[in-house]
Amino acid sequence: MTSSKTKMQKNGENLAAHHGRKLLRFLEHKKDSISPLLIVTHDYPDPDAIATALALQYLAERSHGIRSRIVYKGIIGRVENRAMVSLLRIPVHKIRPSDIKTYEHAALIDTQPDFENNPYPRNRKVTLVIDQHPSVKPPFAQLALIDTECGATSIILAQALLLSGLEIPKRIATALVYGILSDTLGLYRAHRADIIQTYLDILPLCDMRALIRIENPPKSKKFFSTLKRGLQGARAFRGLIVSHLGEVEHPDLVSEIADFLLTYRGMDRSLCTGRYKDKLYVSLRSNRLTDDTPEILRDSFDDRKEAGGHDMVAGGSFHIRGKDQSEERWQEAETLLVTRLLKRLRLPSKAEFYAPFQQEKSQDAAA
Ligand SMILES: [Mn+2]
């Protein structure tokens with residue numbers, strides 16, 4: 001996995017720029033045959049996926065007049081992501097069944113043809129794949145740009161835009177900067193010099209005021225009541241903090257609370273679950289550089305294909321089977337998941353979890 005990267009660096013080349021150039025050449029060669037293009041992000045798209053899609057749309061249109069439509073499945077739930085879409089006026093649309101029929105050409109963004117987290121038919125060849133996640137098998141695509149160590153897929157598009165010589169509008173630069181920051185935890189997970197350099201090159205072009213508003217949006221009462229539940233139900237044991245949120249308004253809350261719980265002093269891993277429609281959504285976070293977080297989560301799932309991620313961030317979801325999704329079935333699934341995780345982490349199965357934020361009865365009485 002690392003040999004190509006080492007080779008690149010030895011040759012003094014820069015992998016992000018290499019992929020950027022490949023994309024520019026591909027669009028140049030295929031400009032007459034791939035328009036209109038359906039740009040498909042992963043389900044419940046995050047800022048990195050949204051920014052990459054937006055930048056690809058702009059690049060394809062401005063450089064070669066390639067028309068496109070950005071689509072996704074699920075919802076954009078996280079308040080920051082919704083603020084990003086509205087403040088930067090990003091034209092993202094819910095996918096319609098007719099889109100798959102109408103568009104002959106598709107670009108998969110921040111996901112791949114064999115992943116479960118996108119709505120594109122598995123058996124159909126795609127035009128383009130741009131992603132940072134390790135492949136399960138070589139993608140069935142005309143061109144696949146996959147850089148598992150680029151920190152954020154937005155880096156590839158930022159490089160392509162910088163190399164294209166096109167003017168980069170503020171809203172595109174801002175989206176890319178936010179995509180990079182959120183996927184790399186504020187560059188903490190940017191492990192290559194070319195990633196930092198790409199970020200620095202695009203940063204002066206962005207709208208700092210819009211960026212700060214995206215990063216600090218007002219949050220709803222629903223968010224705080226979910227957070228309250230997440231804190232009250234949290235259980236900790238040897239650096240692992242677990243919380244089952246129960247029913248959630250949207251699945252993004254699960255990753256939001258997982259991120260938040262990980263910041264509790266003394267914790268280095270957090271697991272959060274939430275029930276949404278007929279699925280249990282799961283997020284696993286880690287502060288340990290040696291953790292292969294997606295692999296840990298896959299090992300804790302029944303079906304390994306239902307979990308994924310990169311670096312220290314992993315997520316997934318699975319159906320709760322049975323006609324009547326009784327409380328029992330949900331709880332069974334939540335408990336089994338924790339049991340498997342403990343086993344995978346070689347923690348005792350009879351872990352004595354404590355409840356760090358639970359209100360004590362006496363305090364209740366006093367209040
Ligand atoms: Mn990403």
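## A salt bridge between domains

A salt bridge here is a side-chain nitrogen of Lys or Arg within 4 Å of a carboxyl oxygen of Asp or Glu. Keep that in mind for this predicted model: Arg 78 and Asp 259 make such a bridge, with their closest N and O atoms 3.3 Å apart.

## Two domains and their contact

Let's step back to the overall layout. The domain assignment splits the chain into domain 1 (9-215) and domain 2 (222-344). Their C-alpha centres sit 27 Å apart, and the contact draws on 16 residues from domain 1 and 16 residues from domain 2.

Putting the two together buries about 1400 Å², with carbon and sulfur atoms giving 53% of that area. On the domain 1 side, Tyr 44, Arg 78 and Arg 189 lose the most area to domain 2, together 42% of what that side buries. As for salt bridges between domain 1 and domain 2, the count is 1.

## A cluster of tyrosines

Now for the rings: the whole structure has 6 aromatic pairs. In one of them, Tyr 44 and Tyr 281 have ring centres 5.8 Å apart and planes at 80°, so they meet edge-to-face. Tyr 44 is in the loop between β1 (37-41) and α3 (47-64), while Tyr 281 belongs to strand β10 (residues 279-286), so this pair ties together parts 237 residues apart in sequence.

Tyr 281 also pairs with Tyr 276: their ring centres are 6.1 Å apart and the planes stand at 70°, so that pair is edge-to-face too. Both Tyr 276 and Tyr 281 are buried, and Tyr 281 has a relative accessible area of 12%. Ring pairs thus link Tyr 44, Tyr 276 and Tyr 281 into a cluster.

## A lysine over a ring

One last detail: Lys 219 lies over the face of Phe 223, at 4.3 Å from the ring centre.

Notes: Residues are numbered from 1 along each chain as its sequence is written. Side-chain values use heavy atoms; hydrogens and water are left out. Rings of Phe, Tyr and Trp (its six-membered ring) pair if their centres lie within 6.5 Å; planes under 30 degrees apart count as stacked, over 60 as edge-to-face and the rest as tilted. Helices (H or I, at least four residues) and strands (E, at least two) are DSSP runs, numbered from the N terminus. Buried means under 20% relative accessible area, exposed over 50%, partly exposed in between (1.4 Å probe, protein chains only). A charge sits over a ring if NZ of Lys or CZ of Arg is within 6 Å of the ring centre and within 35 degrees of the ring normal. Domain bounds come from an automatic or database domain assignment. Contact means heavy atoms within 4.5 Å. Buried area is the accessible area (1.4 Å probe) that two parts lose on being put together, summed over both.
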